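Reader: I have a new model open and would like to practise reading its features with you. Could we go through them one at a time?

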Amino acid sequence: MDQLTQHIANALILGGTYALLGIGLTLILGIMKVVNFTHGELYAFGGFMAYYFAAQLELNFFVSLAFSIMLGILLGAMIERILLRRMRGADIDSTMIVMIGCWIAMQNFALLIWGGVAKSVPTPFPTEPLIIGPVAVSWLRVFVLFAAGGLILATYLLMHKSPLGKAMRATFQDRDTASLMGINVNAIYTATFALGSGLATAAGALLGPVFVVTTTMGNMAALKAFAIVILGGLGNIQGAAIGGFILAFAEELGSGYISSGYRDAMGFILIILVLMFKPTGLFATRGERIG
(Lines give C-alpha, C1' and ligand atoms only; values in the text may rest on other atoms or scores of the structure.)
Protein backbone atom coordinates (compact mmCIF):
# COMPACT_ATOMS: atom_id res chain seq x y z
CA MET A 1 0.00 0.00 0.00
CA ASP A 2 2.86 2.40 0.77
CA GLN A 3 4.35 1.72 -2.65
CA LEU A 4 0.98 2.30 -4.34
CA THR A 5 0.54 5.60 -2.53
CA GLN A 6 3.98 6.74 -3.68
CA HIS A 7 3.19 5.81 -7.29
CA ILE A 8 -0.10 7.72 -7.13
CA ALA A 9 1.67 10.81 -5.82
CA ASN A 10 4.28 10.60 -8.60
CA ALA A 11 1.55 10.17 -11.24
CA LEU A 12 -0.36 13.21 -10.00
CA ILE A 13 2.73 15.39 -10.31
CA LEU A 14 3.62 14.09 -13.78
CA GLY A 15 0.00 14.24 -14.93
CA GLY A 16 -0.18 18.00 -14.46
CA THR A 17 2.54 18.67 -17.02
CA TYR A 18 1.14 16.02 -19.38
CA ALA A 19 -2.19 17.82 -19.18
CA LEU A 20 -0.53 21.09 -20.21
CA LEU A 21 0.97 19.37 -23.25
CA GLY A 22 -2.35 17.82 -24.20
CA ILE A 23 -4.41 20.99 -23.74
CA GLY A 24 -2.03 23.02 -25.89
CA LEU A 25 -2.07 20.49 -28.70
CA THR A 26 -5.82 19.84 -28.63
CA LEU A 27 -6.51 23.57 -28.95
CA ILE A 28 -4.32 23.82 -32.05
CA LEU A 29 -5.72 20.66 -33.61
CA GLY A 30 -9.31 21.47 -32.77
CA ILE A 31 -9.41 25.13 -33.79
CA MET A 32 -6.79 25.36 -36.53
CA LYS A 33 -6.90 21.78 -37.87
CA VAL A 34 -3.08 21.81 -37.89
CA VAL A 35 -1.01 18.79 -36.89
CA ASN A 36 1.61 20.62 -34.85
CA PHE A 37 4.80 18.58 -35.13
CA THR A 38 6.73 21.39 -33.42
CA HIS A 39 4.88 20.83 -30.12
CA GLY A 40 7.67 18.69 -28.69
CA GLU A 41 10.32 21.21 -29.71
CA LEU A 42 8.37 23.98 -27.99
CA TYR A 43 8.42 21.78 -24.89
CA ALA A 44 12.21 21.47 -25.20
CA PHE A 45 12.44 25.22 -25.83
CA GLY A 46 10.82 25.81 -22.43
CA GLY A 47 13.41 23.64 -20.73
CA PHE A 48 16.33 25.37 -22.43
CA MET A 49 14.97 28.85 -21.71
CA ALA A 50 14.57 27.94 -18.03
CA TYR A 51 18.17 26.75 -18.03
CA TYR A 52 19.39 29.89 -19.82
CA PHE A 53 17.68 32.33 -17.48
CA ALA A 54 18.22 30.43 -14.22
CA ALA A 55 21.69 28.96 -14.79
CA GLN A 56 23.45 31.25 -17.24
CA LEU A 57 21.89 34.61 -16.41
CA GLU A 58 21.35 33.56 -12.75
CA LEU A 59 17.91 35.13 -12.57
CA ASN A 60 15.35 34.23 -9.95
CA PHE A 61 13.93 30.77 -10.65
CA PHE A 62 10.30 31.89 -10.74
CA VAL A 63 11.13 34.87 -12.95
CA SER A 64 12.98 32.48 -15.26
CA LEU A 65 9.87 30.33 -15.60
CA ALA A 66 7.72 33.36 -16.39
CA PHE A 67 10.18 34.63 -19.03
CA SER A 68 10.39 31.15 -20.58
CA ILE A 69 6.62 30.89 -20.94
CA MET A 70 6.35 34.39 -22.43
CA LEU A 71 9.05 33.59 -24.99
CA GLY A 72 7.23 30.36 -25.86
CA ILE A 73 4.04 32.34 -26.51
CA LEU A 74 5.99 34.77 -28.70
CA LEU A 75 7.69 31.96 -30.62
CA GLY A 76 4.36 30.26 -31.23
CA ALA A 77 2.86 33.50 -32.57
CA MET A 78 5.86 33.89 -34.91
CA ILE A 79 5.52 30.34 -36.25
CA GLU A 80 1.84 30.88 -36.99
CA ARG A 81 2.36 34.29 -38.55
CA ILE A 82 5.39 33.41 -40.68
CA LEU A 83 4.66 29.80 -41.68
CA LEU A 84 1.10 28.73 -41.07
CA ARG A 85 -0.69 31.84 -42.28
CA ARG A 86 0.99 31.43 -45.65
CA MET A 87 -0.30 27.84 -45.75
CA ARG A 88 -3.91 28.80 -45.00
CA GLY A 89 -6.13 26.98 -47.45
CA ALA A 90 -3.40 24.53 -48.50
CA ASP A 91 -4.00 20.79 -48.31
CA ILE A 92 -3.17 19.01 -45.06
CA ASP A 93 -0.21 17.16 -46.61
CA SER A 94 1.59 20.40 -47.51
CA THR A 95 0.97 21.86 -44.07
CA MET A 96 2.26 18.70 -42.39
CA ILE A 97 5.45 18.78 -44.47
CA VAL A 98 6.06 22.41 -43.49
CA MET A 99 5.54 21.62 -39.80
CA ILE A 100 7.81 18.57 -39.98
CA GLY A 101 10.48 20.74 -41.58
CA CYS A 102 10.05 23.34 -38.84
CA TRP A 103 10.35 20.61 -36.18
CA ILE A 104 13.62 19.29 -37.69
CA ALA A 105 15.03 22.80 -38.08
CA MET A 106 14.18 23.74 -34.47
CA GLN A 107 15.75 20.57 -33.08
CA ASN A 108 18.96 20.99 -35.06
CA PHE A 109 19.17 24.68 -34.19
CA ALA A 110 18.88 23.75 -30.51
CA LEU A 111 21.67 21.21 -30.98
CA LEU A 112 23.83 23.87 -32.62
CA ILE A 113 23.25 26.37 -29.83
CA TRP A 114 23.23 24.13 -26.74
CA GLY A 115 25.24 21.09 -27.81
CA GLY A 116 24.43 17.48 -27.03
CA VAL A 117 25.26 17.55 -23.31
CA ALA A 118 22.31 17.44 -20.90
CA LYS A 119 21.70 20.61 -18.88
CA SER A 120 20.62 20.88 -15.26
CA VAL A 121 18.36 23.75 -14.15
CA PRO A 122 19.13 25.10 -10.65
CA THR A 123 16.21 25.63 -8.28
CA PRO A 124 15.79 27.32 -4.87
CA PHE A 125 14.01 24.34 -3.33
CA PRO A 126 15.63 22.27 -0.55
CA THR A 127 16.97 18.82 -1.34
CA GLU A 128 15.21 17.24 1.65
CA PRO A 129 11.89 15.76 0.52
CA LEU A 130 8.47 16.56 1.92
CA ILE A 131 7.38 13.48 3.85
CA ILE A 132 3.64 12.91 4.38
CA GLY A 133 3.09 9.51 5.95
CA PRO A 134 4.49 6.90 3.57
CA VAL A 135 4.92 9.38 0.71
CA ALA A 136 8.16 11.28 0.10
CA VAL A 137 8.04 13.98 -2.57
CA SER A 138 10.58 16.67 -3.39
CA TRP A 139 9.50 20.25 -2.84
CA LEU A 140 10.22 20.97 -6.50
CA ARG A 141 7.72 18.35 -7.62
CA VAL A 142 5.10 19.77 -5.27
CA PHE A 143 5.63 23.18 -6.84
CA VAL A 144 5.35 21.66 -10.33
CA LEU A 145 2.01 20.08 -9.41
CA PHE A 146 0.52 23.33 -8.11
CA ALA A 147 1.98 25.43 -10.95
CA ALA A 148 0.60 23.06 -13.57
CA GLY A 149 -2.77 23.00 -11.82
CA GLY A 150 -2.85 26.80 -11.77
CA LEU A 151 -2.07 27.00 -15.49
CA ILE A 152 -4.75 24.42 -16.31
CA LEU A 153 -7.32 26.38 -14.31
CA ALA A 154 -6.25 29.66 -15.93
CA THR A 155 -6.61 28.12 -19.40
CA TYR A 156 -10.06 26.77 -18.57
CA LEU A 157 -11.21 30.18 -17.32
CA LEU A 158 -9.73 31.88 -20.38
CA MET A 159 -11.60 29.56 -22.72
CA HIS A 160 -14.96 29.71 -20.92
CA LYS A 161 -15.12 33.14 -19.28
CA SER A 162 -13.27 35.55 -21.57
CA PRO A 163 -14.30 37.08 -24.93
CA LEU A 164 -11.15 35.61 -26.49
CA GLY A 165 -12.09 32.13 -25.31
CA LYS A 166 -15.63 32.48 -26.64
CA ALA A 167 -14.23 33.57 -30.00
CA MET A 168 -11.91 30.56 -30.02
CA ARG A 169 -14.77 28.18 -29.28
CA ALA A 170 -16.93 29.80 -31.94
CA THR A 171 -14.13 29.39 -34.49
CA PHE A 172 -13.78 25.73 -33.49
CA GLN A 173 -17.50 25.14 -34.05
CA ASP A 174 -17.80 26.94 -37.41
CA ARG A 175 -15.01 29.10 -38.80
CA ASP A 176 -17.06 30.63 -41.61
CA THR A 177 -19.99 31.59 -39.38
CA ALA A 178 -17.59 33.01 -36.80
CA SER A 179 -16.01 35.16 -39.51
CA LEU A 180 -19.44 36.39 -40.63
CA MET A 181 -20.21 37.37 -37.03
CA GLY A 182 -17.20 39.71 -37.01
CA ILE A 183 -14.55 37.48 -35.43
CA ASN A 184 -11.06 38.05 -36.82
CA VAL A 185 -10.22 34.44 -37.62
CA ASN A 186 -6.58 35.20 -38.44
CA ALA A 187 -6.08 36.81 -35.03
CA ILE A 188 -7.82 33.86 -33.36
CA TYR A 189 -5.50 31.43 -35.12
CA THR A 190 -2.45 33.38 -33.99
CA ALA A 191 -3.75 33.54 -30.42
CA THR A 192 -4.58 29.83 -30.45
CA PHE A 193 -1.17 28.74 -31.66
CA ALA A 194 0.54 31.14 -29.25
CA LEU A 195 -1.51 29.82 -26.32
CA GLY A 196 -0.88 26.18 -27.24
CA SER A 197 2.83 26.89 -27.65
CA GLY A 198 2.94 28.68 -24.31
CA LEU A 199 1.41 25.68 -22.55
CA ALA A 200 3.93 23.31 -24.16
CA THR A 201 6.75 25.68 -23.17
CA ALA A 202 5.39 25.83 -19.62
CA ALA A 203 5.44 22.02 -19.40
CA GLY A 204 9.08 21.93 -20.53
CA ALA A 205 10.10 24.74 -18.17
CA LEU A 206 8.45 22.95 -15.24
CA LEU A 207 9.78 19.46 -15.98
CA GLY A 208 13.24 20.62 -17.07
CA PRO A 209 14.37 21.23 -13.47
CA VAL A 210 12.83 17.90 -12.35
CA PHE A 211 14.85 15.88 -14.87
CA VAL A 212 17.49 17.28 -17.26
CA VAL A 213 17.20 19.35 -20.43
CA THR A 214 18.34 17.75 -23.70
CA THR A 215 17.85 18.55 -27.38
CA THR A 216 15.85 15.33 -27.90
CA MET A 217 13.55 15.68 -24.90
CA GLY A 218 10.73 16.90 -27.13
CA ASN A 219 10.50 13.73 -29.24
CA MET A 220 8.72 11.58 -26.67
CA ALA A 221 6.84 14.59 -25.30
CA ALA A 222 5.26 15.17 -28.72
CA LEU A 223 4.17 11.54 -28.99
CA LYS A 224 2.61 11.69 -25.57
CA ALA A 225 0.82 14.93 -26.41
CA PHE A 226 -0.79 13.28 -29.43
CA ALA A 227 -1.71 10.29 -27.27
CA ILE A 228 -3.40 12.58 -24.75
CA VAL A 229 -5.42 14.27 -27.51
CA ILE A 230 -6.62 10.86 -28.67
CA LEU A 231 -7.58 9.97 -25.12
CA GLY A 232 -9.41 13.20 -24.40
CA GLY A 233 -11.08 13.89 -27.71
CA LEU A 234 -10.37 16.60 -30.26
CA GLY A 235 -10.78 20.14 -28.93
CA ASN A 236 -11.88 18.99 -25.47
CA ILE A 237 -9.89 20.87 -22.82
CA GLN A 238 -11.33 18.92 -19.89
CA GLY A 239 -10.73 15.68 -21.78
CA ALA A 240 -7.10 16.63 -22.50
CA ALA A 241 -6.53 17.46 -18.83
CA ILE A 242 -8.01 14.17 -17.67
CA GLY A 243 -6.22 12.31 -20.45
CA GLY A 244 -2.90 13.69 -19.24
CA PHE A 245 -3.49 12.28 -15.78
CA ILE A 246 -4.71 8.94 -17.19
CA LEU A 247 -1.53 8.61 -19.25
CA ALA A 248 0.63 9.50 -16.23
CA PHE A 249 -1.12 6.89 -14.06
CA ALA A 250 -0.74 4.25 -16.78
CA GLU A 251 2.98 4.95 -17.06
CA GLU A 252 3.66 5.18 -13.33
CA LEU A 253 1.70 2.09 -12.31
CA GLY A 254 2.94 0.11 -15.30
CA SER A 255 6.58 0.91 -14.58
CA GLY A 256 6.10 0.22 -10.87
CA TYR A 257 4.32 -3.11 -11.11
CA ILE A 258 5.40 -4.52 -14.47
CA SER A 259 8.74 -3.06 -15.59
CA SER A 260 10.27 0.40 -15.79
CA GLY A 261 11.60 -0.56 -19.23
CA TYR A 262 8.03 -0.58 -20.55
CA ARG A 263 7.12 2.78 -19.02
CA ASP A 264 6.49 4.59 -22.29
CA ALA A 265 4.83 1.55 -23.85
CA MET A 266 2.10 1.44 -21.18
CA GLY A 267 0.53 4.66 -22.30
CA PHE A 268 0.45 3.64 -25.94
CA ILE A 269 -1.07 0.27 -25.14
CA LEU A 270 -3.83 2.28 -23.48
CA ILE A 271 -4.17 4.39 -26.64
CA ILE A 272 -4.57 1.28 -28.79
CA LEU A 273 -7.35 0.04 -26.54
CA VAL A 274 -9.13 3.39 -26.65
CA LEU A 275 -8.92 3.53 -30.45
CA MET A 276 -10.32 0.01 -30.68
CA PHE A 277 -13.39 0.65 -28.54
CA LYS A 278 -13.95 4.45 -28.69
CA PRO A 279 -12.13 6.00 -31.66
CA THR A 280 -13.44 9.52 -30.92
CA GLY A 281 -11.70 9.55 -27.55
CA LEU A 282 -12.96 8.97 -24.03
CA PHE A 283 -14.52 12.41 -23.60
CA ALA A 284 -15.44 13.54 -27.12
CA THR A 285 -19.06 14.44 -27.69
CA ARG A 286 -21.11 12.62 -30.29
CA GLY A 287 -20.18 13.61 -33.80
CA GLU A 288 -16.64 14.75 -33.03
CA ARG A 289 -13.74 13.11 -34.79
CA ILE A 290 -10.10 12.86 -33.87
CA GLY A 291 -8.93 14.07 -37.27
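Reader: Let's begin with Phe37: is Phe37 buried, exposed or partly exposed?

Author: Keep in mind that this is a predicted model. To read exposure, compare the relative accessible area with the cut-offs: under 20% is buried, over 50% is exposed, and in between is partly exposed. Phe37 has a relative accessible area of 21%, so Phe37 is partly exposed.

Reader: Where does Phe37 sit in the chain?

Author: Phe37 belongs to the loop between helix H1 (2–32) and helix H2 (39–56). Taking Thr17 as a reference point, 20 residues away along the chain, the two C-alpha atoms are 18 Å apart.

Reader: Now for helix pairs. How do the axes of H3 and H4 cross?

Author: Two packed helices are described by the angle between their axes and by the distance between those axes. Here the axes of H3 and helix H4 (residues 92–114) come within 12 Å, with a crossing of roughly 135°. H3 and H4 are therefore oblique to each other. The crossing in which H3 passes H4 is right-handed.

Reader: Which residues make the nonpolar surface patch?

Author: Leu57, Leu59, Val63, Phe67 and Met70 make the patch, which covers about 390 Å². Val63 is a good one to look up: this residue is in helix H3 (residues 61–84). Patch members need over 30% relative accessible area. Val63, at 35%, is partly exposed.

Reader: Let's turn to charges. How many salt bridges does the structure hold?

Author: Side chains of opposite charge can pair when their charged atoms come close. The structure holds four salt bridges. In one of them, Arg175 pairs with Asp176, with 3.9 Å between the closest N and O atoms. Arg175 is partly exposed, at a relative accessible area of 41%.

Reader: Which residue pairs with Lys224, and why does the pair tie together parts that are apart in sequence?

Author: The partner of Lys224 is Glu251, and their closest N and O atoms are 3.2 Å apart. Lys224 lies in helix H9 (residues 217–232) and Glu251 in helix H10 (residues 237–257), so this salt bridge ties together parts 27 residues apart in sequence. Both Lys224 and Glu251 are buried.

Reader: Which residues do shared salt-bridge partners join into one network?

Author: Glu80, Arg85 and Arg88 are joined that way. Within the network, Arg85 and Glu80 meet through their side chains at 3.6 Å, N to O. Compare their exposure: Arg85 is partly exposed, with a relative accessible area of 24%, whereas Glu80 is buried at 0%.

Note on methods
Residues are numbered from 1 along each chain as its sequence is written. This is a predicted model: local features need pLDDT of at least 70, side-chain atom pairs count only at pLDDT 80 or more; totals for chains, interfaces and linings use all residues. Side-chain values use heavy atoms; hydrogens and water are left out. Patches are made of residues with over 30% relative accessible area and no salt bridge: like charges are joined within 9 Å, nonpolar side chains (Val, Leu, Ile, Met, Phe, Trp, Tyr) within 5 Å. Accessible areas come from the Shrake-Rupley method with a 1.4 Å probe; for residues, only the protein chains shown count as cover. Helices (H or I, at least four residues) and strands (E, at least two) are DSSP runs, numbered from the N terminus. Buried means under 20% relative accessible area, exposed over 50%, partly exposed in between (1.4 Å probe, protein chains only). Axes are lines fitted to C-alpha atoms, for helices over the stretch in contact, and angles run from 0 to 180 degrees between N-to-C directions. Angles under 35 degrees count as roughly parallel, over 145 as roughly antiparallel, 65 to 115 as roughly perpendicular and the rest as oblique. A crossing is left-handed if the near helix is turned anticlockwise from the far one by less than a right angle, and right-handed if clockwise.
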